[in-house]
Amino acid sequence: HVQLAESGGGLVQAGGSLRVDCTASGSRFSRNVMGWYRQVPGKQRELVASITSGGRIRYADSVKERFTISRDNAKDTIYLQMNALKPEDTAVYYCFYYQGYVYRYSEVEDWGKGTLVTVSS
């Protein structure tokens, strides 16, 4: 399995910016997808953004134009730059890793512990 270490997150006012990082360690495959899901209490975890090792990116409609995901393959690290944050972005953000490019949520086995992002109004 892959270990995922998240950093960043915290408290910010609406309209502000934050960045969360996630570094993978352990057994890894050259073809993979990494990204972020987020979850609020009582709701299902939802995809925020993902990026393949080949650079293909996917965003949730709710974060397009505000969030930017990127990765440094040499460091096995992904970055999520979050700008123009809104109170509805408040959630625990979970990093994930999946070997391969196409996945189903139920097939993801490697998750970070989560980092809390709180946006105050």
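Does cysteine 22 count as buried or exposed, and at what relative accessibility? Cysteine 22 counts as buried, at a relative accessibility of 0%.

## The disulfide

The model discussed here is predicted. A search of the whole structure returns one disulfide, which joins cysteine 22 to cysteine 95 at an S to S distance of 2.0 Å. The torsion about this S-S bond is about -80°, so the disulfide is left-handed.

Cysteine 22 belongs to strand β3 (residues 18-26) and cysteine 95 to strand β9, so the bond ties together parts that are 73 residues apart in sequence. Like its partner, cysteine 95 counts as buried, at a relative accessibility of 0%; the corresponding value for cysteine 22 is also 0%.

## Aromatic pairs and the aromatic cluster

The structure contains seven aromatic pairs. In one of them, phenylalanine 96 and tyrosine 103 are 5.3 Å apart centre to centre, with 45° between the planes, and the pair is tilted. Phenylalanine 96 has a relative accessible area of 0% and is therefore buried. Tyrosine 103 has a relative accessibility of 15%; because buried means under 20%, tyrosine 103 also counts as buried.

Phenylalanine 96 forms a further pair with tryptophan 111: the ring centres are 5.9 Å apart and the planes lie at 50°, so this pair is tilted as well. It links distant parts of the chain, with phenylalanine 96 in strand β9 (residues 91-99) and tryptophan 111 in strand β10 (residues 110-111), 15 residues apart. Tryptophan 111 has a relative accessibility of 24% and so counts as partly exposed. These three residues belong to one aromatic cluster formed by Tyr37, Phe96, Tyr98, Tyr103, Tyr105 and Trp111.

## Charges over rings

Which ring does the charged end of arginine 31 sit over? The ring is that of tyrosine 101, and the charged end sits 4.2 Å from its centre. A second arginine, arginine 45, lies over the face of tyrosine 94, at 3.7 Å from the ring centre.

## The largest pocket

The largest pocket holds about 170 Å³ of space. Its lining consists of Val33, Ser50, Thr52, Gly54, Arg56, Ile57, Arg58, Tyr101, Val102 and Tyr103. The elements that contribute two or more residues to this lining are β5 (46-52) and β6 (57-59). By residue class, the lining divides into five nonpolar, three polar and two charged residues.

Two of the lining residues also appear in the contacts described above. Tyr101 is part of the lining, and the charged end of arginine 31 sits over the ring of tyrosine 101. Tyr103 is likewise part of the lining, and tyrosine 103 pairs with phenylalanine 96.

## Positive phi angles in loops

Where is aspartate 76 found? Aspartate 76 is in the loop between β7 (67-72) and β8 (77-82). The phi angle of aspartate 76 is near 55°, a positive value in a residue other than glycine.

Alanine 84 also has a positive phi in a residue other than glycine, with a value near 50°. Alanine 84 lies in the loop between β8 and β9. With a relative accessibility of 38%, alanine 84 counts as partly exposed.

Terms used:
Residues are numbered from 1 along each chain as its sequence is written. This is a predicted model: local features need pLDDT of at least 70, side-chain atom pairs count only at pLDDT 80 or more; totals for chains, interfaces and linings use all residues. Side-chain values use heavy atoms; hydrogens and water are left out. On a 1 Å grid over the protein atoms alone, a cavity is a set of points where a 1.4 Å probe fits but cannot get out, and a pocket is an open set with protein on both sides within 12 Å along at least five of seven lines; lining residues have an atom within 4 Å of a point. Grid points are joined across faces, edges and corners, and a volume is the space filled by probe spheres set on the points. Helices (H or I, at least four residues) and strands (E, at least two) are DSSP runs, numbered from the N terminus. Ala, Val, Leu, Ile, Met, Phe, Trp, Tyr, Cys and Pro count as nonpolar, Asp, Glu, Lys and Arg as charged, and the others, Gly among them, as polar. Rings of Phe, Tyr and Trp (its six-membered ring) pair if their centres lie within 6.5 Å; planes under 30 degrees apart count as stacked, over 60 as edge-to-face and the rest as tilted. Buried means under 20% relative accessible area, exposed over 50%, partly exposed in between (1.4 Å probe, protein chains only). A charge sits over a ring if NZ of Lys or CZ of Arg is within 6 Å of the ring centre and within 35 degrees of the ring normal. A disulfide is a pair of cysteine sulfur atoms within 2.5 Å.
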